[in-house]
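Student: Could you take me through one part of this protein in close detail? I would like to see how that part sits among its neighbours, and how far I can trust what I see.

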Amino acid sequence: MNQEQQKPVPEDHTSVSKDEESGARGLQRDLQDRQDRLQPADDEPVSEPVNDSAPHPEAPAGSGRWVRRLLKVGIGLALVAIFGWLPLKAVLQTSSVEAVVNARIVTLRSPIDGTVSAKPQSSTQLSVVHEGDTILHVVNARGDRVRLDDLRRQMSRMENERPSLAAKLAAAETSQQDLARQAAQFRDGRILQLEARIAEIQTAIEAAAARREEATAAVERASSLIKSGSVSTVEMARLTREQAIAHQTEIGAQRRLDAAKVELTAARNGTYLGDSYNDRPSSVQREEEMRQRVSDLRADLVHSDAEIDWLTHEIASEQLHYINRAEADIKAPVAGRIWEMMTSPGEDVRAGQPLLKLLDCTGAVVTANVTEGVYNRLRLGERASFEPNDGSASIKGEIANLTGASGAPANLAINPDALNKEPYRVTVSMPELDTTGKDCVVGRTGRVVFNTDAAKS
């Protein structure tokens with residue numbers, strides 16, 4: 001038995017790697033040892049039933065050894081076939097040479113000139129940030145506030161002028177009311193005066209009519225007496241003249257009455273006529289002037305209020321602009337990790353200067369390089385799976401970009417040029433790849449297996 005174990009095992013010419021061949025031989029030796037422990041030794045006699053009537057020929061002593069040897073060789077060939085199929089399967093699959101989990105880099109820049117006054121949330125480059133988190137704070141102590149100061153001075157001037165303008169308006173309104181009252185009193189007095197004059201003229205008309213009637217009666221009597229010679233011709237002429245004067249006096253009084261009535265109608269309408277009046281008396285003119293001044297002051301006050309309202313809104317807007325120019329929060333636009341911090345607290349920065357690079361973990365992809373033959377068989381939208389080198393479960397995805405030998409995207413965290421075994425590059429989107437928070441596994445390596453038989457519909 002010891003001599004058989006020392007005999008060399010027949011050499012297997014199957015094309016396998018050295019590691020796989022040594023593993024298969026070790027497993028074969030282990031199985032052989034277990035089989036030897038279970039079977040009897042070669043030098044022990046085999047008990048057989050004795051038959052007196054028919055003697056059997058003795059079995060050859062080396063047949064058992066050849067059976068065991070053939071069994072061992074068969075087991076070894078089976079193990080070599082099993083372990084050799086795995087690398088052969090990998091060779092037959094359409095897969096990448098190298099692959100790495102990648103993600104987009106977002107560069108955050110300073111919107112203003114100033115000093116970085118806030119510290120990041122963590123000093124490590126793998127700090128987890130969420131969308132909207134404030135990472136840095138920039139303060140500009142020398143911000144331009146000239147226009148804001150001008151607006152505030154204008155507001156102060158308008159606020160100081162408004163009380164004086166309101167007081168002038170109140171005084172003008174009081175004067176206008178007094179003058180309006182005086183004008184009303186004058187108008188009422190003028191109407192009463194004209195009414196009295198009209199009454200006086202009517203009395204004069206009645207007296208003139210009475211004298212005219214008396215003169216007419218005297219003329220009629222003289223006319224009847226002049227034939228008898230009782231009245232002279234001179235007396236008749238005098239009586240006739242008095243009759244004409246009485247008639248003209250009545251006519252003049254009537255015309256004065258008509259003029260007084262016109263003046264009364266005009267006075268009631270606010271217009272005053274006469275030799276000593278123009279169309280507006282002094283009190284009425286002053287009342288109208290004061291009314292116009294009140295209107296102007298009221299318009300000025302409304303304009304002042306509108307100007308104050310405009311300045312209030314303009315100051316608020318300019319103050320907001322000044323705050324935006326004087327200080328700014330640098331917030332994370334996406335959830336991810338701080339990939340590279342390019343500044344530190346207390347450092348002076350300029351507008352547009354890069355402050356940090358943020359790893360966008362919400363849209364991680366897998367970048368891989370493939371051989372030319374594999375690259376030419378790939379199509380956009382085809383299924384693919386990423387198999388991590390750490391032995392974890394594969395992740396399904398699809399081909400999102402085929403860059404080939406052209407320049408790789410510059411906004412990726414890991415430059416695909418680092419995968420330098422093959423020059424042809426493929427980008428695979430992995431929606432199932434959880435890369436948020438602490439599970440942002442950018443940089444993990446593996447390989448991508450492509451399913452070129454079916455494209456995603």
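Tutor: Happy to. Let's start with one pair: Gly-336 stands opposite Asp-360 in strand S8. This is a predicted model, and S8, covering residues 354-370, makes a good part to look at closely. The pair just named belongs to the pairing of S8 with strand S6 (residues 336-341), where five bridges link the two strands in the antiparallel sense.

S8 has further partners. Strand S1, residues 98-109, runs antiparallel to S8, and 11 bridges join the two. If you want a place to find that pairing on your screen, go to Val-101, whose bridge partner in S8 is Val-366. Strand S11 (residues 424-429) also pairs with S8, again in the antiparallel sense, over six bridges. Here a handy landmark is Thr-367, with Thr-427 in S11 as its bridge partner.

With these partners in view, have a look at how S8 is covered. Of its 17 residues, 13 are buried, so the strand is mostly covered, taking buried as under 20% relative accessible area. For the protein as a whole, 31% of the 457 residues count as buried. The accessible surface of the protein comes to about 28500 Å², and carbon and sulfur atoms hold 52% of that.

The contacts of the whole chain are worth a glance too. Among contacts in the protein with a separation of 6 or more, 81% are between residues 24 or more positions apart. In total, the secondary structure comes to seven helices and 12 strands.

A rather different element to look at is helix H4, residues 146-225. Its 80 residues reach 114 Å from the first C-alpha to the last, close to the 118 Å expected at 1.5 Å a residue. H4 does have a kink of about 25° at Arg-162, shortly before the proline Pro-163.

Now for your question of trust. The protein has a mean pLDDT of 75, with 73% of its residues at 70 or more. Confidence is highest in strand S7 (residues 348-349), at 89, and lowest in helix H1 (residues 2-6), at a mean of 39. Over residues 40-59 the pLDDT is below 50, and this stretch has four contacts in the model beyond near neighbours in sequence. Residues 122-126 also stay under 50, and the model has six contacts for them beyond four places in sequence. Where pLDDT is low, the predicted coordinates should not be read in detail.

Conventions:
Residues are numbered from 1 along each chain as its sequence is written. This is a predicted model: local features need pLDDT of at least 70, side-chain atom pairs count only at pLDDT 80 or more; totals for chains, interfaces and linings use all residues. Side-chain values use heavy atoms; hydrogens and water are left out. pLDDT is the predictor's confidence in each residue, from 0 to 100. Helices (H or I, at least four residues) and strands (E, at least two) are DSSP runs, numbered from the N terminus. Contact means heavy atoms within 4.5 Å. Buried means under 20% relative accessible area, exposed over 50%, partly exposed in between (1.4 Å probe, protein chains only). Accessible areas come from the Shrake-Rupley method with a 1.4 Å probe; for residues, only the protein chains shown count as cover. Two strands pair if DSSP finds at least two bridges between them. The expected span of a helix is 1.5 Å times one less than its number of residues. The bend at a residue is the angle between axes fitted to the seven residues ending there and the seven starting there.
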